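Welcome, and please open the structure in your viewer. We will go from stop to stop, and at each one you will hear what to select and what is there.

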Amino acid sequence: MTNTSSGGFETVKALDDQYVMPTYGRLPVAFVTGRGCLLSDINGKEYLDCLSGIAVLNLGHSHPKVTEAICDQAKTLVHTSNLFQIEPQALLAETLIKNSFPGKVFFCNSGCEANEAAIKLVRKWGKPSAKFEIITALQSFHRRTLTTITATGQEKYQTSFTPLTPGFRYVPYNDLAAT
């Protein structure tokens, strides 16, 4: 592994360009540390983090209690397969259900997986009455699996991956008559 700590942004960008697929419109910055809502780049410039990992990590950066909880968990068990039960997951599911609505919890690893599960649940629910069509908004973005690209209302993301999953219709934002 190449050490980039003294090479600056251009070194990181060159490695990224050489080894990482260009699936994101990356901005010209390489973050190296974070504290609360502040990020610092490889050149020492500070930024206010208002993006929050695109809705996946909204705990800030390096909070002492979060860091301690992660370290404590890593000392006991980092990860197990979903083939097994683990007490913290069962207790969290109980807390979520008791504080929201009756049912069951589906734990997943990504927005793609969450969206795919939602699509499957909607189709399973609607199948007996043949109500399986899903309406999404034009210019929406729903992640990068084949079905979530189909749900995405942007042709530029879909063109390379046809044929798409059937059963989606697209309408303009805030146009109730279009549904």
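**Stop 1: a pocket**

Keep in mind along the way that this is a predicted model. Begin with the second largest pocket, which holds about 620 Å³ of space. To find it, select His79, Ile86, Gln89, Phe107 and Asn109, the residues nearest its centre among the 17 that line it. Which helix gives the most to this lining? Select residues 87–98: that is helix 4, and it contributes 3 residues. If you colour the lining of this pocket by class, you will find 9 nonpolar, 7 polar and 1 charged residues.

**Stop 2: a sheet of strands**

Next, show the strands as ribbons and select residues 31–35, which are strand 1, together with residues 38–41, which are strand 2. These two pair in the antiparallel sense over 4 bridges. One bridge to look at links Phe31 with its partner Asp41 in strand 2. Now move to the turn of this hairpin, where 2 residues sit between the strands. Click on Gly36 there: its phi is positive, near 65°.

Add residues 46–48 to the selection to bring in strand 3. Strand 2 and strand 3 also run antiparallel, joined by 3 bridges. Select Leu39 and you can trace its bridge to Tyr47 in strand 3.

With the three strands on screen, you have an open antiparallel sheet in the order 1-2-3. Why is one side of strand 1 and of strand 3 left without a neighbour in the sheet? Both stand at the edges and each has a single partner strand, so one side of each has no neighbour there. Turn the view to follow the twist, which averages 30° from one strand to the next.

As a general reminder while you look, strands of a sheet pair through backbone hydrogen bonds, either parallel or antiparallel.

**Stop 3: the cysteines**

How many disulfides does a search of the whole structure find? It finds 0. Select Cys50 and Cys37: the sulfur of Cys37 is the nearest cysteine sulfur to Cys50, and it is 7.5 Å away. Is Cys50 buried or exposed? Its relative accessibility is 67%, so Cys50 counts as exposed.

Now select Cys112, which is in no disulfide either. Its nearest cysteine sulfur belongs to Cys108, at 9.9 Å. Cys112 counts as buried, because its relative accessibility is 17%.

**Stop 4: two prolines in one loop**

Go to the loop between helix 7 (155–158) and strand 5 (168–171), where you will find Pro166. Pro163 has its place in the loop between helix 7 and strand 5 too. Pro163 is exposed, with a relative accessible area of 72%, and Pro166 is exposed at 60%.

Zoom in on the bond between Thr162 and Pro163: it is a cis peptide bond, with omega about 5°. Then zoom out and draw a distance from Pro163 to Ile86, a residue you met at the pocket; their C-alpha atoms are separated by 40 Å.

**Stop 5: two positive phi values**

Select Gln139, in the loop between strand 4 (134–137) and helix 6 (146–151). Gln139 has a positive phi, near 70°, although it is not a glycine. This residue is exposed, with a relative accessible area of 56%.

Finish at Asn174, in the segment after strand 5. Asn174 is another residue other than glycine with a positive phi, here near 60°. At 81% relative accessibility, Asn174 counts as exposed.

Terms used
Residues are numbered from 1 along each chain as its sequence is written. This is a predicted model: local features need pLDDT of at least 70, side-chain atom pairs count only at pLDDT 80 or more; totals for chains, interfaces and linings use all residues. Side-chain values use heavy atoms; hydrogens and water are left out. Two strands pair if DSSP finds at least two bridges between them. On a 1 Å grid over the protein atoms alone, a cavity is a set of points where a 1.4 Å probe fits but cannot get out, and a pocket is an open set with protein on both sides within 12 Å along at least five of seven lines; lining residues have an atom within 4 Å of a point. Grid points are joined across faces, edges and corners, and a volume is the space filled by probe spheres set on the points. Ala, Val, Leu, Ile, Met, Phe, Trp, Tyr, Cys and Pro count as nonpolar, Asp, Glu, Lys and Arg as charged, and the others, Gly among them, as polar. Axes are lines fitted to C-alpha atoms, for helices over the stretch in contact, and angles run from 0 to 180 degrees between N-to-C directions. A disulfide is a pair of cysteine sulfur atoms within 2.5 Å. Buried means under 20% relative accessible area, exposed over 50%, partly exposed in between (1.4 Å probe, protein chains only).
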